[in-house]
Amino acid sequence: MFKRRLRLPSPALVISMVALSLVLGGTAVAATATHGDKKADTKLIKKLAPTLSVKHAKTANSATNATHATSADSATNATNATNATNATNATNATNATNATHATSATSASAATSPGVLGSGQTETGIVHAIAPQGGGAGFVGAAISFTFPLAAAPATHYITSGTTAQCPGSVANPTATSGNLCVYQNAVVGGGGAVDFEFVTKFGAGIYLPTPAGTSYSLFEGSWAVTG
């Protein structure tokens with residue numbers, strides 16, 4: 001009877017087993033290994049930083065573009081930031097402390113008044129004048145001052161009733177088309193003629209009512225609108 005002899009593994013089999021062990025062990029090592037070149041990472045981040053933008057950060061202290069940041073202290077453009085302290089442009093910021101342009105800011109602590117009323121923008125107000133009448137005929141007048149000056153003196157219109165192409169509003173809702181000042185009459189008492197304007201400038205206008213002799217007092221009142 002022959003005895004079965006145990007054969008030694010061939011060199012190829014040994015090499016294959018060693019290679020398999022290295023592959024399996026390397027996978028475990030790779031899964032737990034960390035990148036050690038932190039200086040290279042920092043250098044890459046600094047290089048790319050000027051081209052980055054922040055869209056949804058909670059705090060963007062010096063971001064070039066902070067689209068939806070909760071706080072944008074020095075952002076050049078803060079479109080919807082809740083707080084834009086020194087943003088150059090804060091379109092819909094809730095608080096724009098020193099924004100150069102704050103289109104819809106709820107609170108603009110240090111907003112500068114515009115040099116002139118913007119084209120298509122409207123200011124409104126009221127005019128009221130009353131005076132006792134003396135022995136002879138005279139005048140009673142008032143001044144209309146614009147909060148923001150216009151680029152040029154407007155055309156003037158006094159509306160006793162109805163509307164016109166330049167003045168499509170009313171006493172309750174005064175409006176004016178671009179380049180026009182519209183005064184809507186609410187009441188006239190003791191008038192001796194038509195209400196008229198004088199000294200019309202880009203800053204405002206004078207308005208007066210001729211008064212007849214013999215009346216106890218004269219009055220006129222209304223609302224106005226002017227559009228740049």
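**Exercise 1. Are Phe146 and Trp224 buried or exposed, and how do their rings pair?**

Start with the surroundings: Phe146 and Trp224 are both buried (under 20% relative accessible area; exposed is over 50%, partly exposed in between, with a 1.4 Å probe and protein chains only).

A quick note before going on: this is a predicted model, where local features need pLDDT of at least 70, side-chain atom pairs count only at pLDDT 80 or more, and totals for chains, interfaces and linings use all residues. Residues are numbered from 1 along each chain as its sequence is written, and side-chain values use heavy atoms, with hydrogens and water left out.

Next, compare Phe139: this one is exposed, at 63% relative accessible area. Now the rings: those of Phe146 and Trp224 have centres 5.8 Å apart and planes at 55°, so this pair is tilted. (Rings of Phe, Tyr and Trp, the last by its six-membered ring, pair with centres within 6.5 Å; planes under 30 degrees apart are stacked, over 60 edge-to-face, the rest tilted.)

**Exercise 2. Which cysteines form the disulfide, and why is it left-handed?**

First, find the sulfur atoms: those of Cys167 and Cys182 sit 2.0 Å apart and form a disulfide (cysteine sulfur atoms within 2.5 Å). Then check the torsion: about the S-S bond of Cys167 and Cys182 it is about -80°, so the disulfide is left-handed. Last, place the partners: Cys167 is in the loop between strands E8 (155–159) and E9 (180–189), and Cys182 is in E9, so the pair ties together parts 15 residues apart in sequence. (Strands, E, are DSSP runs of at least two residues, numbered from the N terminus.) Both Cys167 and Cys182 are buried.

Terms used: Helix = DSSP H or I, 4+ residues; strand = E, 2+ residues; numbered from the N terminus.
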